[in-house]
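Reader: I would like to go through this structure with you and ask, at each step, what stands behind the words that are used for it.

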Amino acid sequence: MHVQDSHWSSASAVAPGTALSAPSSGHGRAGGPRTTPLRVDAQRNLEHVLRAAREVFGELGYGAPMEDVARRARVGVGTVYRRFPSKDVLVRRIAEEETSRLTDQARTALGQEDEPWSALSRFLRTSVASGAGRLLPPQVLRVGVADEHDHARVPQQRTQPAGAELRLVPEKGAAGEDDAGAAQLLDVVGRLVERAREAGALRPDVSVSDVLLVIATAAPSLPDPAQQAAASARLLDILLEGLRSRPA
């Protein structure tokens, strides 16, 4: 997995089905969004760009350049920038979609599995199989030493100091809706973790951060799809065994 930090501006993600007007345009506010529907070819290009961005960022991390996204989408880099005026906006769009998808998967597991361990393991298997861990947003994969003002536990992709507790550390300049989406994900996954812990199926020291770390590390990016699926399934089986409680 190659998750890299990206500096996120406060620009809002472009909503599906809308286009951004060029900053040099003399019509309306410079750089303001148009609400008119995209033409068929423009909509198709947008879908290609989003699909390519998910693939490129999933393989190379959010540090991958926009030129790589344009090549994968088979469009000019100018086309990418017409849809997304900066890389920050594109990263934000992809990360928000991934956070929302993970939250939906967690809610589905909560609603359709009565047995707590089955619910948690179903969520993990579904999320890992979808490759979601490779696109977890940077502000979720960040660590800070716990203090009395931080409450959401999350993982980090580097070694934390001894005794440090993993917490959500907001990105500087991150928009409020980004934090809200991450908070929803942490809340729903937290309920899955709490249920499994109360049922005695989960090790008492396992936190939400550990579960997200499983998702992030059990979705390797390998060139062969069959090999990738097999490796993910095998690694997840091992990690799930590590999460389960054992009789004293």
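Author: Let us begin with G133, which is found in the loop between α5 (116-129) and α6 (176-198); please keep in mind throughout that this is a predicted model.

Reader: Why is G133 called buried?

Author: The relative accessible area of G133 is 0%, and buried means under 20%, so G133 belongs to the buried class. As for its surroundings, the C-alpha atoms of G133 and A219 are separated by 5.9 Å, although the two residues are 86 apart along the chain.

Reader: Before we go on to other residues, what secondary structure does the protein have, and in what order do the elements run from the N terminus?

Author: The secondary structure comes to 8 helices and 2 strands, and from the N terminus on the elements run β-β-α-α-α-α-α-α-α-α. Buried residues make up 44% of the 248 residues in the protein, and, among contacts between residues at least 6 apart in sequence, 65% join residues at least 24 apart.

Reader: What makes α1 roughly perpendicular to α4?

Author: Helix α1 (residues 40-60) and helix α4 (residues 87-112) pack at an angle of about 85 degrees, and their axes are 11 Å apart. Angles of 65 to 115 degrees count as roughly perpendicular, and the angle of about 85 degrees therefore gives α1 and α4 that description. On the side of α1 the contact is made by L50, A53, R54 and F57, and on the side of α4 by K87, L90, V91, R93, I94 and E97. By class, this contact of α1 with α4 has 6 nonpolar, no polar and 4 charged residues.

Reader: E97 is one of the residues in that contact; how do you know whether E97 is buried, exposed or partly exposed?

Author: E97, which is found in helix α4, has a relative accessible area of 28%. Since buried means under 20% and exposed over 50%, with partly exposed in between, the value of 28% makes E97 partly exposed. E97 and L136 are 39 residues apart in sequence, and their C-alpha atoms are 9.7 Å apart in space.

Reader: And on what grounds is A64 classed as buried?

Author: A64 lies in the loop between α1 and α2, and its relative accessible area is 4%; the cut-off for buried is under 20%, so A64 is buried. Leaving aside its neighbours within four places in sequence, A64 is in contact with V56, F57 and K87, of which F57 and K87 also take part in the contact between α1 and α4. From A64 to A53, which is 11 residues away in sequence, the C-alpha to C-alpha distance is 9.2 Å.

Reader: Why is R74 called exposed, and what is its phi?

Author: R74 is found in the loop between α2 (66-73) and α3 (77-83). Exposed means over 50% relative accessible area, and R74, with 80%, is therefore exposed. Its phi is positive, about 60 degrees, although R74 is not a glycine.

Reader: What makes helix α7 mostly covered?

Author: Of the 10 residues of helix α7 (residues 208-217), 7 are buried, namely V208, S209, V211, L212, V214, I215 and A216. V214 may serve as an example: its relative accessible area is 5%, and buried means under 20%, so V214 is buried. Leaving aside its neighbours within four places in sequence, V214 is in contact with L124, V128, L236, L239 and L243, and the C-alpha atoms of V214 and L124, which are 90 residues apart along the chain, are separated by 7.8 Å.

Reader: Finally, what is the volume of the largest pocket, and which element gives the most to its lining?

Author: The largest pocket has a volume of about 250 Å³, and of the 13 residues that line it, the closest to its centre are R54, E55, G58, R134 and Q228. α1 and α8 (225-243) each supply at least two residues of the lining, and α1 gives the most, with 4 residues.

Reader: How is that lining made up by class?

Author: The lining of the largest pocket has 3 nonpolar, 5 polar and 5 charged residues.

Note on methods
Residues are numbered from 1 along each chain as its sequence is written. This is a predicted model: local features need pLDDT of at least 70, side-chain atom pairs count only at pLDDT 80 or more; totals for chains, interfaces and linings use all residues. Side-chain values use heavy atoms; hydrogens and water are left out. Buried means under 20% relative accessible area, exposed over 50%, partly exposed in between (1.4 Å probe, protein chains only). Axes are lines fitted to C-alpha atoms, for helices over the stretch in contact, and angles run from 0 to 180 degrees between N-to-C directions. Angles under 35 degrees count as roughly parallel, over 145 as roughly antiparallel, 65 to 115 as roughly perpendicular and the rest as oblique. Contact means heavy atoms within 4.5 Å. Ala, Val, Leu, Ile, Met, Phe, Trp, Tyr, Cys and Pro count as nonpolar, Asp, Glu, Lys and Arg as charged, and the others, Gly among them, as polar. On a 1 Å grid over the protein atoms alone, a cavity is a set of points where a 1.4 Å probe fits but cannot get out, and a pocket is an open set with protein on both sides within 12 Å along at least five of seven lines; lining residues have an atom within 4 Å of a point. Grid points are joined across faces, edges and corners, and a volume is the space filled by probe spheres set on the points.
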